[in-house]
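Hi,

Here is the model I promised to pass on. Have a look at it first, and my notes follow underneath.

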Protein chains: 2
Amino acid sequence: MSQRNIDVSPQVESPWVQAARDDDHSVEACTLMDVIDRVSGKWAIGIMVAAARGPIRFTELERAVSGISRRMLTLTLRNLERDGLIRRTVYPVVPPKVEYTLTPIAEDLYESLASLTSWAERNRVAIAEARVEYDARADE
Amino acid sequence: MSQRNIDVSPQVESPWVQAARDDDHSVEACTLMDVIDRVSGKWAIGIMVAAARGPIRFTELERAVSGISRRMLTLTLRNLERDGLIRRTVYPVVPPKVEYTLTPIAEDLYESLASLTSWAERNRVAIAEARVEYDARADE
DNA sequence: CTGCATCCCTATGGATACTG
DNA sequence: CAGTATCCATAGGGATGCAG
(Lines give C-alpha, C1' and ligand atoms only; values in the text may rest on other atoms or scores of the structure.)
Protein backbone atom coordinates (compact mmCIF):
# COMPACT_ATOMS: atom_id res chain seq x y z
CA MET A 1 0.00 0.00 0.00
CA SER A 2 1.02 3.61 -0.10
CA GLN A 3 2.58 3.90 -3.51
CA ARG A 4 1.81 7.52 -3.96
CA ASN A 5 3.14 7.91 -7.46
CA ILE A 6 4.52 11.35 -7.01
CA ASP A 7 5.60 13.39 -9.99
CA VAL A 8 8.00 16.01 -8.85
CA SER A 9 9.01 18.90 -11.05
CA PRO A 10 12.57 18.48 -12.34
CA GLN A 11 14.38 21.30 -10.62
CA VAL A 12 13.78 21.86 -6.95
CA GLU A 13 15.42 24.85 -5.32
CA SER A 14 14.14 24.16 -1.86
CA PRO A 15 11.18 22.16 -0.63
CA TRP A 16 9.77 25.14 1.23
CA VAL A 17 10.02 27.41 -1.72
CA GLN A 18 8.46 24.82 -3.92
CA ALA A 19 5.68 24.17 -1.47
CA ALA A 20 5.05 27.86 -1.19
CA ARG A 21 4.83 28.23 -4.92
CA ASP A 22 2.94 25.11 -5.89
CA ASP A 23 0.37 25.41 -3.17
CA ASP A 24 0.86 21.68 -2.73
CA HIS A 25 2.14 21.06 0.76
CA SER A 26 1.22 17.43 0.86
CA VAL A 27 3.67 16.22 -1.76
CA GLU A 28 6.84 17.45 -0.11
CA ALA A 29 5.51 16.87 3.36
CA CYS A 30 4.59 13.26 2.63
CA THR A 31 7.85 12.43 0.90
CA LEU A 32 9.64 13.81 3.88
CA MET A 33 7.41 12.00 6.33
CA ASP A 34 8.03 8.71 4.57
CA VAL A 35 11.75 8.92 5.04
CA ILE A 36 11.48 10.34 8.53
CA ASP A 37 9.26 7.46 9.53
CA ARG A 38 11.87 5.11 8.20
CA VAL A 39 14.56 6.41 10.52
CA SER A 40 12.42 7.44 13.46
CA GLY A 41 11.56 5.10 16.21
CA LYS A 42 13.90 4.57 19.05
CA TRP A 43 16.37 2.18 17.48
CA ALA A 44 16.74 2.39 13.69
CA ILE A 45 19.51 4.96 13.73
CA GLY A 46 21.49 3.26 16.45
CA ILE A 47 21.35 0.00 14.57
CA MET A 48 22.42 1.58 11.30
CA VAL A 49 25.31 3.35 12.92
CA ALA A 50 26.42 0.12 14.53
CA ALA A 51 26.14 -1.72 11.23
CA ALA A 52 28.01 0.98 9.35
CA ARG A 53 31.38 -0.44 10.30
CA GLY A 54 30.74 -3.63 8.44
CA PRO A 55 28.90 -6.92 8.87
CA ILE A 56 27.69 -7.38 12.39
CA ARG A 57 26.00 -10.25 14.16
CA PHE A 58 22.79 -10.29 16.12
CA THR A 59 24.36 -10.57 19.53
CA GLU A 60 26.97 -7.96 18.68
CA LEU A 61 24.21 -5.57 17.77
CA GLU A 62 22.49 -6.33 21.01
CA ARG A 63 25.59 -5.19 22.84
CA ALA A 64 26.39 -2.27 20.52
CA VAL A 65 22.99 -0.67 20.74
CA SER A 66 22.79 -0.16 24.44
CA GLY A 67 19.44 -0.55 26.05
CA ILE A 68 17.70 -2.32 23.22
CA SER A 69 15.62 -5.37 23.98
CA ARG A 70 15.80 -8.53 21.96
CA ARG A 71 12.30 -7.99 20.69
CA MET A 72 12.91 -4.46 19.44
CA LEU A 73 16.18 -5.45 17.84
CA THR A 74 14.44 -8.13 15.84
CA LEU A 75 11.52 -5.91 14.90
CA THR A 76 13.66 -2.99 13.83
CA LEU A 77 15.99 -5.22 11.84
CA ARG A 78 13.03 -6.73 10.02
CA ASN A 79 11.69 -3.32 9.11
CA LEU A 80 15.06 -2.13 7.88
CA GLU A 81 15.46 -5.32 5.91
CA ARG A 82 12.02 -4.94 4.40
CA ASP A 83 12.83 -1.42 3.24
CA GLY A 84 16.03 -2.64 1.66
CA LEU A 85 18.28 -0.79 4.09
CA ILE A 86 19.80 -3.84 5.70
CA ARG A 87 20.82 -7.13 4.19
CA ARG A 88 20.51 -10.25 6.29
CA THR A 89 22.87 -13.13 5.60
CA VAL A 90 22.34 -16.51 7.20
CA TYR A 91 25.21 -18.97 7.45
CA PRO A 92 23.88 -22.51 7.73
CA VAL A 93 26.09 -23.60 10.57
CA VAL A 94 25.54 -24.64 14.13
CA PRO A 95 25.28 -22.68 16.21
CA PRO A 96 23.44 -20.32 13.82
CA LYS A 97 25.33 -17.35 12.46
CA VAL A 98 23.59 -14.35 10.95
CA GLU A 99 25.23 -11.19 9.70
CA TYR A 100 23.64 -7.85 9.06
CA THR A 101 25.06 -5.39 6.56
CA LEU A 102 24.02 -1.98 5.36
CA THR A 103 22.93 -1.81 1.75
CA PRO A 104 24.29 0.90 -0.55
CA ILE A 105 21.09 2.91 -0.35
CA ALA A 106 21.36 2.89 3.45
CA GLU A 107 24.83 4.36 3.21
CA ASP A 108 23.52 6.92 0.80
CA LEU A 109 20.76 7.70 3.28
CA TYR A 110 23.24 8.33 5.99
CA GLU A 111 25.16 10.72 3.81
CA SER A 112 21.95 12.66 3.53
CA LEU A 113 21.39 12.50 7.25
CA ALA A 114 24.74 14.16 7.72
CA SER A 115 23.25 17.55 6.90
CA LEU A 116 20.80 17.07 9.73
CA THR A 117 23.59 16.26 12.12
CA SER A 118 25.30 19.38 10.94
CA TRP A 119 22.18 21.42 11.55
CA ALA A 120 21.86 20.00 15.03
CA GLU A 121 25.42 20.95 15.81
CA ARG A 122 25.05 24.46 14.46
CA ASN A 123 21.88 25.06 16.44
CA ARG A 124 22.34 23.05 19.55
CA VAL A 125 22.98 26.11 21.66
CA ALA A 126 20.14 28.14 20.19
CA ILE A 127 17.72 25.32 20.87
CA ALA A 128 18.90 24.83 24.41
CA GLU A 129 18.49 28.55 25.08
CA ALA A 130 15.06 28.63 23.50
CA ARG A 131 13.98 25.86 25.81
CA VAL A 132 15.32 27.48 28.92
CA GLU A 133 13.57 30.70 28.04
CA TYR A 134 10.33 28.95 27.19
CA ASP A 135 10.34 26.91 30.36
CA ALA A 136 11.14 29.96 32.42
CA ARG A 137 8.06 31.74 31.14
CA ALA A 138 5.93 28.65 31.60
CA ASP A 139 7.12 27.94 35.13
CA GLU A 140 6.23 31.12 36.90
CA MET B 1 15.01 17.43 31.64
CA SER B 2 17.27 15.93 29.00
CA GLN B 3 19.92 18.57 28.55
CA ARG B 4 22.57 16.24 27.27
CA ASN B 5 25.44 18.67 27.00
CA ILE B 6 27.23 17.04 24.15
CA ASP B 7 30.71 18.08 23.20
CA VAL B 8 31.31 17.22 19.61
CA SER B 9 34.69 17.23 17.95
CA PRO B 10 35.12 20.20 15.59
CA GLN B 11 35.53 18.68 12.14
CA VAL B 12 33.16 16.00 10.96
CA GLU B 13 33.59 14.46 7.52
CA SER B 14 30.72 12.04 7.65
CA PRO B 15 28.83 10.75 10.64
CA TRP B 16 29.42 7.13 9.66
CA VAL B 17 33.07 7.59 9.09
CA GLN B 18 33.45 9.37 12.35
CA ALA B 19 31.45 6.77 14.19
CA ALA B 20 33.55 4.06 12.65
CA ARG B 21 36.75 5.75 13.67
CA ASP B 22 35.92 7.06 17.10
CA ASP B 23 34.24 3.93 18.28
CA ASP B 24 31.68 6.27 19.77
CA HIS B 25 28.36 5.54 18.15
CA SER B 26 26.31 7.22 20.77
CA VAL B 27 27.38 10.79 20.06
CA GLU B 28 26.41 10.86 16.41
CA ALA B 29 23.44 8.64 16.96
CA CYS B 30 22.11 10.85 19.75
CA THR B 31 22.68 14.08 17.86
CA LEU B 32 20.81 12.60 14.96
CA MET B 33 18.07 11.24 17.17
CA ASP B 34 17.59 14.63 18.77
CA VAL B 35 16.85 16.32 15.50
CA ILE B 36 14.84 13.41 14.16
CA ASP B 37 12.70 13.47 17.26
CA ARG B 38 12.12 17.14 16.69
CA VAL B 39 10.61 16.60 13.25
CA SER B 40 9.08 13.22 13.81
CA GLY B 41 5.62 12.78 15.14
CA LYS B 42 2.68 12.98 12.88
CA TRP B 43 2.31 16.73 12.50
CA ALA B 44 5.50 18.78 12.94
CA ILE B 45 6.51 18.71 9.30
CA GLY B 46 3.06 19.51 8.00
CA ILE B 47 2.83 22.48 10.31
CA MET B 48 6.22 23.79 9.34
CA VAL B 49 5.50 23.47 5.67
CA ALA B 50 2.22 25.31 6.14
CA ALA B 51 3.96 28.03 8.12
CA ALA B 52 6.74 28.36 5.57
CA ARG B 53 4.70 30.69 3.39
CA GLY B 54 4.57 33.34 6.07
CA PRO B 55 2.68 34.15 9.25
CA ILE B 56 -0.31 31.91 9.70
CA ARG B 57 -3.10 31.88 12.25
CA PHE B 58 -4.29 29.00 14.42
CA THR B 59 -7.48 28.32 12.52
CA GLU B 60 -5.72 28.62 9.19
CA LEU B 61 -3.26 25.98 10.33
CA GLU B 62 -6.13 23.79 11.40
CA ARG B 63 -7.42 23.91 7.85
CA ALA B 64 -4.04 23.76 6.14
CA VAL B 65 -2.85 20.65 7.95
CA SER B 66 -5.58 18.29 6.98
CA GLY B 67 -6.68 15.77 9.55
CA ILE B 68 -5.09 17.38 12.56
CA SER B 69 -7.09 17.76 15.74
CA ARG B 70 -7.20 20.93 17.78
CA ARG B 71 -5.38 19.22 20.58
CA MET B 72 -2.50 17.96 18.47
CA LEU B 73 -2.16 21.27 16.71
CA THR B 74 -1.74 23.01 20.04
CA LEU B 75 0.66 20.42 21.41
CA THR B 76 2.84 20.34 18.33
CA LEU B 77 2.95 24.12 18.10
CA ARG B 78 4.01 24.35 21.73
CA ASN B 79 6.82 21.89 21.17
CA LEU B 80 8.03 23.69 18.07
CA GLU B 81 7.87 26.97 19.93
CA ARG B 82 9.77 25.54 22.85
CA ASP B 83 12.55 24.39 20.54
CA GLY B 84 12.73 27.82 18.95
CA LEU B 85 11.46 26.65 15.59
CA ILE B 86 8.24 28.61 15.64
CA ARG B 87 7.54 32.07 16.96
CA ARG B 88 4.12 32.77 18.44
CA THR B 89 2.81 36.32 18.27
CA VAL B 90 -0.29 37.34 20.19
CA TYR B 91 -2.20 40.43 19.15
CA PRO B 92 -4.19 41.79 22.09
CA VAL B 93 -7.43 42.31 20.25
CA VAL B 94 -10.86 40.82 20.41
CA PRO B 95 -11.50 38.36 19.05
CA PRO B 96 -8.03 37.01 19.81
CA LYS B 97 -5.50 36.90 17.03
CA VAL B 98 -2.37 34.77 17.15
CA GLU B 99 0.14 34.33 14.39
CA TYR B 100 2.74 31.63 13.98
CA THR B 101 5.95 32.18 12.06
CA LEU B 102 8.95 30.04 11.29
CA THR B 103 12.17 31.16 12.89
CA PRO B 104 15.36 31.39 10.83
CA ILE B 105 16.74 28.21 12.31
CA ALA B 106 13.57 26.39 11.23
CA GLU B 107 14.12 27.52 7.68
CA ASP B 108 17.68 26.40 7.92
CA LEU B 109 16.46 23.06 9.19
CA TYR B 110 14.28 22.61 6.21
CA GLU B 111 17.14 23.31 3.87
CA SER B 112 18.86 20.40 5.54
CA LEU B 113 15.79 18.24 5.24
CA ALA B 114 15.89 18.78 1.50
CA SER B 115 18.63 16.20 1.10
CA LEU B 116 16.38 13.66 2.73
CA THR B 117 13.60 14.47 0.33
CA SER B 118 16.08 14.03 -2.45
CA TRP B 119 17.14 10.66 -1.11
CA ALA B 120 13.53 9.55 -0.87
CA GLU B 121 12.96 10.48 -4.48
CA ARG B 122 16.07 8.74 -5.69
CA ASN B 123 15.26 5.55 -3.85
CA ARG B 124 11.50 5.41 -3.87
CA VAL B 125 11.44 2.67 -6.47
CA ALA B 126 14.17 0.60 -4.89
CA ILE B 127 12.38 0.68 -1.56
CA ALA B 128 9.05 -0.28 -3.06
CA GLU B 129 10.67 -3.21 -4.82
CA ALA B 130 12.48 -4.32 -1.70
CA ARG B 131 9.18 -4.41 0.13
CA VAL B 132 7.40 -6.37 -2.53
CA GLU B 133 10.19 -8.90 -2.56
CA TYR B 134 10.34 -9.13 1.21
CA ASP B 135 6.60 -9.53 1.56
CA ALA B 136 6.57 -12.15 -1.17
CA ARG B 137 9.06 -14.27 0.70
CA ALA B 138 7.23 -13.78 3.98
CA ASP B 139 3.79 -14.57 2.59
CA GLU B 140 4.30 -18.05 1.26
C1' DC C 1 23.24 -18.07 18.68
C1' DT C 2 19.14 -16.27 16.80
C1' DG C 3 14.75 -14.81 17.30
C1' DC C 4 9.68 -15.72 17.76
C1' DA C 5 5.50 -15.48 21.15
C1' DT C 6 3.43 -13.64 25.09
C1' DC C 7 2.15 -10.39 28.53
C1' DC C 8 1.83 -5.88 30.08
C1' DC C 9 2.37 -0.96 30.51
C1' DT C 10 2.89 3.69 28.91
C1' DA C 11 3.01 7.40 25.65
C1' DT C 12 0.83 9.15 21.69
C1' DG C 13 -2.83 10.81 19.56
C1' DG C 14 -8.15 11.21 18.33
C1' DA C 15 -12.78 13.44 19.63
C1' DT C 16 -15.01 16.90 21.68
C1' DA C 17 -17.11 19.86 25.32
C1' DC C 18 -15.97 23.97 27.56
C1' DT C 19 -13.79 28.89 28.35
C1' DG C 20 -11.63 33.72 28.09
C1' DC D 1 -10.76 33.01 17.63
C1' DA D 2 -7.68 30.40 20.18
C1' DG D 3 -7.09 27.55 22.88
C1' DT D 4 -7.60 24.11 27.54
C1' DA D 5 -9.41 19.95 29.87
C1' DT D 6 -11.07 15.46 29.70
C1' DC D 7 -11.87 10.94 28.21
C1' DC D 8 -10.60 7.08 25.54
C1' DA D 9 -8.39 3.95 21.93
C1' DT D 10 -4.42 2.26 20.09
C1' DA D 11 0.44 1.41 18.91
C1' DG D 12 5.05 1.29 20.51
C1' DG D 13 7.97 -0.72 23.23
C1' DG D 14 9.96 -3.33 27.78
C1' DA D 15 10.67 -8.04 29.99
C1' DT D 16 11.17 -12.57 29.38
C1' DG D 17 10.24 -17.67 28.46
C1' DC D 18 10.62 -20.88 24.89
C1' DA D 19 12.40 -23.09 20.43
C1' DG D 20 15.13 -24.29 16.20
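Which residues come nearest to DNA strand D? Of the 20 around that strand, they are Arg71(A), Thr59(B), Thr74(B), Arg88(B) and Tyr100(B), where a residue is near if one of its heavy atoms lies within 4 Å of the strand. Sugar and phosphate make up 61% of the atoms of DNA strand D that come within 4 Å of the protein.

Before going on, the housekeeping. This is a predicted model, so local features need pLDDT of at least 70 and side-chain atom pairs count only at pLDDT 80 or more, while totals for chains, interfaces and linings use all residues. Residues are numbered from 1 along each chain as its sequence is written, chains are lettered from A and ligands numbered from 1 in the order in which they are written, and side-chain values use heavy atoms, with hydrogens and water left out.

Back to the DNA. Polar contacts here are pairs of N or O atoms within 3.5 Å; within protein, one must be able to donate a hydrogen and the other to accept it, and residues adjacent in sequence count only if both atoms are side-chain atoms. The side chain of Arg71(A) has an N or O atom 2.4 Å from a base nitrogen of DNA strand D. For Arg70(B), the partner is a base oxygen at 3.3 Å, and for Arg78(B) a phosphate oxygen at 3.0 Å. As for elements (DSSP runs numbered from the N terminus: helices are H or I of at least four residues, strands E of at least two), α5(B) gives the largest share of the surface near DNA strand D, with four residues.

Now the two protein chains. Superposed by least squares on the C-alpha atoms of residues with pLDDT of at least 70 in both, chain A lands on chain B with an RMSD of 0.2 Å after a turn of 180° and a shift of 0.0 Å along the axis. The copies are thus related as by a two-fold rotation axis. In chain A, Ser40(A) comes closest to that axis, its C-alpha being at 3.3 Å.

The contact (heavy atoms within 4.5 Å) takes 59 residues from chain A and 61 from chain B. About 6000 Å² is buried between them, 65% of it from carbon and sulfur atoms; that is the accessible area (1.4 Å probe) lost on being put together, summed over both parts. Six salt bridges cross the interface, by the rule of a Lys or Arg side-chain nitrogen within 4 Å of an Asp or Glu carboxyl oxygen. One of them joins Arg82(B) to Asp135(A), with the closest N and O atoms 2.5 Å apart.

Cheers

Methods
Buried area = accessible area lost by both parts, 1.4 Å probe.
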